[in-house]
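Colleague: Please take a close look at one part of this model and set out its surroundings in a connected account.

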Amino acid sequence: MNTPALRTWRPDDRHAVLALLKETFQHTWQPQLSAAAIEAYRRVAERYVDAQGAHFLIAECEGRIAGFVHHEAGFVQALHVTRRYRRRGIARRLMAAAEAQMRAQGLALASLETDTFNAESQALYLALGYREVARYPDLEWNSGLTTIRYEKALTQPS
C-alpha cells in the first residue's frame, strides 16, 4: 500500500465520509448502544458532516477515502479510519497532522474523548502520548457508557 495522501475536505467527499461513519458506527458503537441512541444517530451523522465537513482532514489511499480527522480549538472531535485500511498507520498520520495544525495555531494542549469499551482507540491514544485525565458518564449516547478524556501537551514533535 502506498502512503496515504492527506488533503482537505472536498464537497464530493460527503457520500464516502458518510459511508465511513456508518461503517465505524456499525462495528464500534452500535453494539454498545440502546435502540433509541441508534435511531438518534441516523440523524446526527448527516448534520455533523454537513456542518463540519469543510474542516475535515482526509486520508486518501488508492483513490479511496481511508479516514479523516476533525479537530477544533485543541479538541479532536473525530478520528475515523475504515476497516479496510486499519493497522496501516493512517490514524497515526492523521493525528500527527492534526497535532501539527494545532501547534501552528499556537495551541499548547490537545484533548479528545473515547469510551471505555473502545480498547483499540485507547491503545492508539496512549501510544501517541495522550494521558487519561478524567472519566465521566457519556451523556451523548444515553446508553450508560463511560467516557475517558485524554490530553497531550503539544510540545515540538518527537
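Modeller: Thr 82 is found in the loop between strand β4 and helix α3, where helices (H or I, at least four residues) and strands (E, at least two) are DSSP runs numbered from the N terminus. The model is predicted, so local features need pLDDT of at least 70 and side-chain atom pairs count only at pLDDT 80 or more, while totals for chains, interfaces and linings use all residues. Residues are numbered from 1 along each chain as its sequence is written, and side-chain values use heavy atoms, with hydrogens and water left out.

Thr 82 counts as buried because its relative accessibility is 10% (buried: under 20% relative accessible area, 1.4 Å probe, protein chains only). Beyond its neighbours within four places in sequence, Thr 82 is in contact (heavy atoms within 4.5 Å) with Leu 20, Glu 23, Ile 65 and Ala 66. With Glu 23, the side chain of Thr 82 forms a polar contact of 2.8 Å (a donor and an acceptor, N or O, within 3.5 Å; residues adjacent in sequence count only if both atoms are side-chain atoms).

The two elements that flank this loop, β4 and α3, each give two or more residues to the largest nonpolar core (buried Ala, Val, Leu, Ile, Met, Phe, Trp, Tyr and Cys joined through side-chain atoms within 4.5 Å). That core has 25 residues, and among those touching the most other members are Leu 79, Ile 90, Leu 94 and Met 95. Its largest share, 7 residues, comes from α3. A second, separate core of 20 residues includes Trp 9, Phe 25, Ile 38 and Phe 56.

Methods:
Buried < 20%, exposed > 50% of the residue type's maximum accessible area, 1.4 Å probe, protein only.
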